[in-house]
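Colleague: Please take me through one part of this model closely, namely the sheet and the aromatic ring pairs, with the cut-offs behind each term.

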Amino acid sequence: MDNRLSESMADSMTLAENHGIRRTRMILLKDYPDFTEVRSLLAECMWPDHERISLELQKYMRDDSRILCGKTINNELVGLVGFIRLSAKEVELKHIAVRSDFRRQGIGKAMIYEYVMANGIRKMIAETDKDAVNFYRKIGFETMSLGEKYPGVERFQCVLSIRRANCGL
């Protein structure tokens with residue numbers, strides 16, 4: 001495994017523990033009992049339009065290539081990540097959100113790394129805006145400007161490549 005990824009994972013877990021966050025495993029949100037919490041978090045990482053959020057949730061529920069996972073603390077949903085599986089070892093990160101009162105505690109980073117490790121992911125791609133690009137840089141993604149995809153909005157492609165020493169990569 002890439003040393004930078006190992007160090008970031010360790011830093012992420014230590015940061016979370018220092019803030020009193022227990023290490024809890026992520027859960028699949030397809031069967032989560034409170035979709036109000038899921039909708040609320042999803043609204044934080046996309047345009048908060050009720051119809052668009054409903055459409056995204058339907059895609060996660062119906063499309064087997066999409067995975068929506070969450071992190072709970074004290075039985076409350078505090079974060080979510082949504083992926084599209086592009087191949088056995090490659091995913092696109094479509095959504096990531098952490099409840100505002102739990103931000104800056106390493107939860108987003110921990111969710112990404114947990115998914116990578118649990119699923120043997122070697123490459124994760126994402127697209128983001130100027131407000132979030134530093135988050136991706138700090139946790140090991142390489143970033144490249146895509147320019148102004150929308151009037152006045154610069155977008156960035158973010159790529160996390162994981163090399164595993166025992167795979168000869």
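**Sheet and aromatic pairs**

Modeller: Let me start from one bridge: Leu80 has Ala97, in β4, as its bridge partner. The model is predicted, with local features needing pLDDT of at least 70 and side-chain atom pairs pLDDT 80 or more, while totals for chains, interfaces and linings use all residues. Residues are numbered from 1 along each chain as its sequence is written, and side-chain values use heavy atoms, without hydrogens or water.

Strands β3 (residues 76–87) and β4 (residues 90–98) run antiparallel to one another and share 8 bridges; strands are DSSP runs of E with at least two residues, helices of H or I with at least four, and pairing takes at least two bridges. Both strands belong to an open, mixed sheet of 7 strands in the order β1-β2-β3-β4-β5-β7-β6, whose edges are β1 (27–28) and β6 (142–150), each paired on one side only.

Turning to the rings, there are 3 aromatic pairs (centres within 6.5 Å; stacked under 30 degrees, edge-to-face over 60, otherwise tilted). Phe83 and Tyr115 are stacked, at 4.1 Å centre to centre with 15° between the planes, and because Phe83 lies in β3 and Tyr115 in helix α4 (residues 107–119), this pair ties together parts 32 residues apart in sequence. Phe83 and Tyr115 are both buried (under 20% relative accessible area, 1.4 Å probe, protein chains only). Tyr136 and Phe141, by contrast, have planes at 85° and centres 5.1 Å apart, so that pair is edge-to-face. Tyr136, at 5% relative accessibility, counts as buried, as does Phe141 at 4%, and ring pairs link these two residues with Phe135 into a cluster.

Terms used. Phe/Tyr/Trp six-rings, centres within 6.5 Å; stacked < 30°, edge-to-face > 60°. Buried < 20%, exposed > 50% of the residue type's maximum accessible area, 1.4 Å probe, protein only.
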